[in-house]
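Please look through the sequence and the structure shown below before reading on. The report that follows takes up the sheets, a helix pair, the contact between chains and the surface near DNA.

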There are 2 protein chains.
Amino acid sequence: MAKSPTVDDVARVAGVSRQTVSNVLNTPSIVKDSTRQRVESAIADLGYRPHAAARMLRTRRSSTIGIHLDPYAGGVSGVVLDRFVHALTEHAGDRGMRMLVYAARTPEEELARLAELADRAEVDAVVITGTFYGDPRTGWLHRRGLPFVSFGRPWGDDDVGQPSHPWVDVDGAAGTRAATEHALSIAGPRVAFLGWPSGSGTGDDRERGWSEAMAAARTSGPRWTAVDDVAVARDAVTEALGGRQADAVVCASDSLAIGVHLAAVDAGIPRLPVVGFDNTPAVEALGISSVEQLPERVAAGTLELLMGPTGNVVAPHPSGLAHVLVTPRLVVR
Amino acid sequence: MAKSPTVDDVARVAGVSRQTVSNVLNTPSIVKDSTRQRVESAIADLGYRPHAAARMLRTRRSSTIGIHLDPYAGGVSGVVLDRFVHALTEHAGDRGMRMLVYAARTPEEELARLAELADRAEVDAVVITGTFYGDPRTGWLHRRGLPFVSFGRPWGDDDVGQPSHPWVDVDGAAGTRAATEHALSIAGPRVAFLGWPSGSGTGDDRERGWSEAMAAARTSGPRWTAVDDVAVARDAVTEALGGRQADAVVCASDSLAIGVHLAAVDAGIPRLPVVGFDNTPAVEALGISSVEQLPERVAAGTLELLMGPTGNVVAPHPSGLAHVLVTPRLVVR
DNA sequence: AGCAAGAATTGGAACGATCAAAGTCCGCCG
DNA sequence: CGGCGGACTTTGATCGTTCCAATTCTTGCT
């Protein structure tokens with residue numbers, strides 16, 4: 001394993017100076033064509049690649065974006081975040097960025113990790129997920145001056161008009177609206193909604209889509225509630241389904257949808273239209289319709305906010321776009 | 001956002017030299033107690049943290065481990081790898097290491113990424129997943145001198161006795177053996193196995209556990225095959241289940257298990273014992289038993305191979321342990 | 001007190017890249 | 001022929017840390 005070549009080695013081979021090699025790499029336009037070609041072939045011959053640490057040290061840029069990985073909580077819906085991370089990694093790679101993942105079990109620990117990453121200059125920016133009302137991370141990041149984008153809007157503020165920070169999110173209401181319209185079109189008018197106990201921004205947003213679609217269709221249906229667990233959801237709707245109180249059910253998540261599906265099978269109505277949210281492998285396997293969040297689009301939006309439409313460095317002040325709201329897609333099964 | 005403090009700042013405040021501050025951080029034992037305390041409080045006062053890039057440059061160590069993120073393929077079982085990555089991130093953090101994720105769509109692209117990460121000295125080691133017979137990555141990494149561990153054994157060689165490289169894996173045969181014994185104990189003697197088309201090391205290993213357990217119990221049952229897809233599996237076993245050809249079914253994956261479960265419901269035997277493999281959220285939701293891979297243990301084993309039992313730097317020659325084989329745990333539902 | 005050996009600490013150099021500013025080359029005009 | 005300007009290239013300094021070798025301080029012993 002020979003020592004890897006440096007700019008000096010390339011310069012010697014090409015018969016130019018260090019800086020010219022650097023220019024070929026970073027500012028090719030100012031180098032004369034003939035010189036540039038000579039340098040490029042020297043680079044190719046030696047298999048030269050700039051040493052990341054040296055460049056980071058000098059430029060004070062790490063070309064790295066940090067993102068938290070939740071402790072794996074189990075449950076059906078954890079998958080969505082993982083898909084987002086995958087997509088982000090691909091897009092970041094295309095823009096010459098790296099993704100660094102870090103673990104934290106609590107918000108406090110996450111702040112500690114963020115502080116460390118920032119102080120040690122390991123990341124140029126971070127992406128935070130699962131924002132909630134009164135989230136301490138956003139203010140901290142803002143004070144710290146570390147560029148960031150959140151996947152999840154800053155609930156409680158004027159998100160769209162005057163957001164406190166750049167964010168990307170999925171339009172939950174649009175998703176459940178489409179789901180509800182679909183249910184109305186293939187089943188009866190009594191489309192129920194099974195949501196989470198109110199208070200979570202995401203859950204309320206998804207419920208809104210259902211109620212708006214129902215109002216627009218001048219009909220109504222029952223609204224049920226359960227925490228995000230298959231068994232709980234199943235129990236919660238068993239009685240109502242036995243009484244044939246709904247023609248279809250739109251749910252705030254795939255876990256809930258699976259619970260409803262199982263209860264429907266028990267109640268002898270296995271064909272009851274049920275729509276979930278997240279389009280996880282579990283509902284795919286069961287043939288249940290769901291709302292697909294399009295994590296790829298979310299990832300693309302995230303990087304656009306951080307780096308501009310085509311940039312390859314983190315913009316000091318995230319671009320004019322203050323937010324990106326992705327319209328999800330209903331997957332009918 | 002003030003400029004962050006450097007060793008020199010700390011040295012000035014503590015009234016010592018640069019090098020002494022460095023010693024306090026890296027070789028505390030050689031610094032006199034009183035001096036060390038003075039330096040430590042200066043560090044705390046200033047909130048000093050070493051600049052990662054500068055340290056990397058000097059020490060030629062990045063304290064970073066790279067790992068590939070597959071393009072999200074859909075399907076039930078992708079989750080296992082994600083859980084592994086999560087666990088690895090946690091354990092690595094505890095040992096003062098970072099995890100860098102990279103994307104690649106093909107093995108060739110993965111080699112290109114690995115070359116880049118190695119040449120630019122961005123990682124000290126990598127973890128590769130999903131090894132297969134004739135995998136080009138292992139030889140390349142070996143030649144390149146980049147330390148690595150694979151999740152998945154080097155199929156085809158003498159894995160255990162004289163492995164060509166350090167690896168960690170889950171003992172698939174032990175998992176299906178436990179599953180089969182459980183099935184025999186709660187159902188009849190005709191325990192079937194639904195596996196993948198033979199040829200994949202992992203699949204053959206899992207099948208072996210079933211056949212060994214059946215032989216030990218002096219019984220036998222049908223062996224079926226399907227590619228890893230819920231619908232395909234369902235179709236593959238529908239007829240056999242209709243004919244009541246098995247008392248229980250052990251499967252090579254959760255996708256297959258779900259397919260079998262659905263076919264069993266269709267056939268009017270919803271209580272047919274089915275055991276999957278991977279313990280994904282999908283089978284949890286459906287109440288199907290499964291073999292849990294224990295990704296946390298796999299992650300711990302991976303780092304142990306790379307860094308030694310308690311080390312916090314990548315060992316130049318991965319430790320005496322040449323492999324770790326994790327015994328999975330049967331989760332009965 | 002004098003001295004040697006070990007412990008503790010220090011200043012200079014280096015890691016490999018980019019920035020900033022100072023050259024060099026060349027043709028062209030007065 | 002000298003000088004000017006623009007295009008291109010080179011030189012020296014720097015980022016923040018750790019390595020290396022040299023220096024100073026302690027301690028114990030004669």
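## Sheets, helices and contacts

In chain B, helix 9 (residues 201–216) lies across strand 6 (191–195), strand 8 (248–251) and strand 9, running at about 170° to strand 6 of chain B. Helices (H or I, at least four residues) and strands (E, at least two) are DSSP runs, numbered from the N terminus. Angles run from 0 to 180 degrees between N-to-C directions, and axes are lines fitted to C-alpha atoms, for helices over the stretch in contact.

This is a predicted model, in which local features need pLDDT of at least 70 and side-chain atom pairs count only at pLDDT 80 or more, while totals for chains, interfaces and linings use all residues. Residues are numbered from 1 along each chain as its sequence is written, and chains are lettered from A and ligands numbered from 1 in the order in which they are written.

The open sheet of chain B has six strands in the order 7-6-8-9-10-12, with mixed pairing; two strands pair if DSSP finds at least two bridges between them. Its edge strands are strand 7 (223–225) and strand 12 (329–331) of chain B, each of which pairs on one side only, and the twist averages 20° from one strand to the next. Chain A also has an open sheet, formed by six strands in the order 7-6-8-9-10-12 with mixed pairing. Strand 7 (223–225) and strand 12 (329–331) of chain A each have a single partner strand, so one side of each is left without a neighbour in the sheet. Strands of a sheet pair through backbone hydrogen bonds, either parallel or antiparallel. Three strand pairs, one of them between the chains, are set out below.

| Strand pair | Bridges | Direction |
|---|---|---|
| Strand 9 (residues 274–277) and strand 10 (residues 289–292) of chain B | Three bridges | Parallel |
| Strand 6 (residues 191–195) and strand 8 (residues 248–251) of chain A | Four bridges | Parallel |
| Strand 2 (residues 98–103) of chain A and strand 2 of chain B | Three bridges | Antiparallel |

Within these pairs, F277(B) has V291(B) in strand 10 of chain B as its bridge partner, A192(A) stands opposite V249(A) in strand 8 of chain A, and L100(A) is partnered by L100(B) in strand 2 of chain B.

Beyond that strand pair, 42 residues of chain B are in contact with 43 residues of chain A, where contact requires C-beta atoms, placed from the backbone, to lie within 7 Å. Helix 5 of chain B gives the most to the side of chain B that touches chain A, with seven residues. By class, that side of chain B has 23 nonpolar, 10 polar and nine charged residues. Ala, Val, Leu, Ile, Met, Phe, Trp, Tyr, Cys and Pro count as nonpolar, Asp, Glu, Lys and Arg as charged, and the others, Gly among them, as polar.

Within chain B, the axes of helix 1 (residues 7–14) and helix 3 (residues 33–46) come within 9 Å and cross at roughly 125°. These two helices of chain B are therefore oblique to each other, given that angles under 35 degrees count as roughly parallel, over 145 as roughly antiparallel, 65 to 115 as roughly perpendicular and the rest as oblique. The residues in their contact divide into seven nonpolar, no polar and three charged.

Which residues come nearest to DNA strand C? Of the 24 residues around DNA strand C, these are T6(A), S22(A), S17(B), Q19(B) and T35(B), a residue being near if its C-beta atom, placed from the backbone, lies within 6 Å. The surface near DNA strand C has nine nonpolar, 10 polar and five charged residues.

Technical notes
Contact = placed C-beta atoms within 7 Å.
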